[in-house]
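Student: I am new to this structure, and I would like to understand how its descriptions are reached. Could we look at it together, term by term?

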Amino acid sequence: MQPREIKRAGSTTRFRITSVTEGKSRVREDLVATEEPLEIRVNGQSIAVTMRTPGHDFELAAGFLFTEAALTTREQIAQIRYCADPQNYNVVTVDLRPGVKFDADRLTRHVFTSSSCGICGKASLDQVRATCPVALAPPPELPDDFFGKLPAIVRSEQSLFEKTGGLHAAALFDTTGKLLLLREDVGRHNAMDKLIGALLLKGELPASERIVMVSGRASFELVQKALLAGIPVMAAVGAPSSLAVDLAREFGMKLVGFLREGRFNIYAD
């Protein structure tokens, strides 16, 4: 029997739907954000399955391993590839260079994670203290009007969100407010992992002169990921959690929440 060909999924999926407006219905086509499983393997060993939007899968795998403190540098990675026997774009293997030690027990989320799931409360502040950098670079001096312009910039560049309305974003800025990198995904943690994975693979970590903005709330897990990447400033459209504020204050991160054009709250500085 010939193996079944598995085609690469797109970031959006088209459905025929019934749209109801003021009591009147009509059938039309709609684009929905694609959500499919991605199995991440290290040297052939399956270590996690996450639900994600296809696209930038290699960055997602690299970022996941980095933010779980399983890898620390891009030099540890020999190659990242899709499974080729049979061809499967929902399985990514990270091959490590000879001599690189890999301890799967360091991972805080095992086997399966949903697209919205981070470390699910399994990691305590003590564990974060053990994996985050000892010293975070001081946050750069930013003018009062710096943050207010970020949401409009991010929204204008969220091409997938514009089509589907169903994706989170993580965006990286420099100290002048220039957008450097943006990643989208159905999972906010995946979007951040894709962003950090891209920086890792380009050799741009720690990102000590950068600002990250997330489209949702500022959770403990997202602050943790930014800290591991050496990012000293995080801004979020939504609210932070209490643990996110505690973590940001402990490590000297500037944390902004409820960011709207013209207003925001500073929770840690």
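Tutor: Helices (H or I, at least four residues) and strands (E, at least two) are DSSP runs, numbered from the N terminus. Counted in that way, the protein has seven helices and twelve strands. What you see is a predicted model, in which local features need pLDDT of at least 70 and side-chain atom pairs count only at pLDDT 80 or more, while totals for chains, interfaces and linings use all residues. Residues are numbered from 1 along each chain as its sequence is written, and side-chain values use heavy atoms, with hydrogens and water left out.

Student: How do you know that strand 1 and strand 2 pair?

Tutor: Two strands pair if DSSP finds at least two bridges between them. Strand 1 (residues 12-21) and strand 2 (residues 24-33) are joined by ten bridges and run antiparallel, so the definition of pairing is met. One of the bridges links Thr12 to Ala33 in strand 2, and the two strands form a hairpin with two residues between them.

Student: What makes Glu22, in the loop between strand 1 and strand 2, stand out?

Tutor: Glu22 has a positive phi of about 50° although it is not a glycine. Most residues other than glycine have a negative phi.

Student: Why is Glu22 called exposed, and Phe258 partly exposed?

Tutor: Buried means under 20% relative accessible area, exposed over 50%, and partly exposed in between, with a 1.4 Å probe and protein chains only. Glu22 has 81% relative accessibility and therefore counts as exposed, whereas Phe258, at 32%, counts as partly exposed. Phe258 lies in strand 11 (residues 254-260), and it too is a residue other than glycine with a positive phi of about 50°. By the cut-off for burial, 49% of the 269 residues of the protein count as buried.

Student: What makes strand 4 and strand 5 the edges of their sheet?

Tutor: The open sheet has four strands in the order 4-3-6-5, with mixed pairing. Strand 4 (45-52) and strand 5 (77-84) each have a single partner strand, so one side of each is left without a neighbour in the sheet. The twist averages 25° from one strand to the next, where axes are lines fitted to C-alpha atoms, for helices over the stretch in contact, and angles run from 0 to 180 degrees between N-to-C directions. Strand 3 (residues 36-42) pairs with strand 4 in the antiparallel sense over seven bridges, and Arg41 stands opposite Ser46 in strand 4.

Student: What makes a set of residues a nonpolar core?

Tutor: A nonpolar core is a set of buried Ala, Val, Leu, Ile, Met, Phe, Trp, Tyr and Cys residues joined through side-chain atoms within 4.5 Å. The largest one here has 53 residues, and Val223 and Met234 have the most contacts inside it. Helix 5 (residues 188-201) gives the most to this core, with seven residues. A second, separate core of 15 residues includes Leu142, Val154, Val233 and Leu259.

Student: How do you know that Met234 is in contact with residues such as Met192?

Tutor: Contact means heavy atoms within 4.5 Å. Leaving aside neighbours within four places in sequence, Met234 is in contact with residues including Met192, Val212, Leu222 and Val256.

Student: Why is the peptide bond from Leu205 to Pro206 called cis?

Tutor: The bond from Leu205 to Pro206 has omega near 0° and is cis, and Pro206 sits in the loop between helix 5 and strand 9 (211-214). Most peptide bonds are trans.
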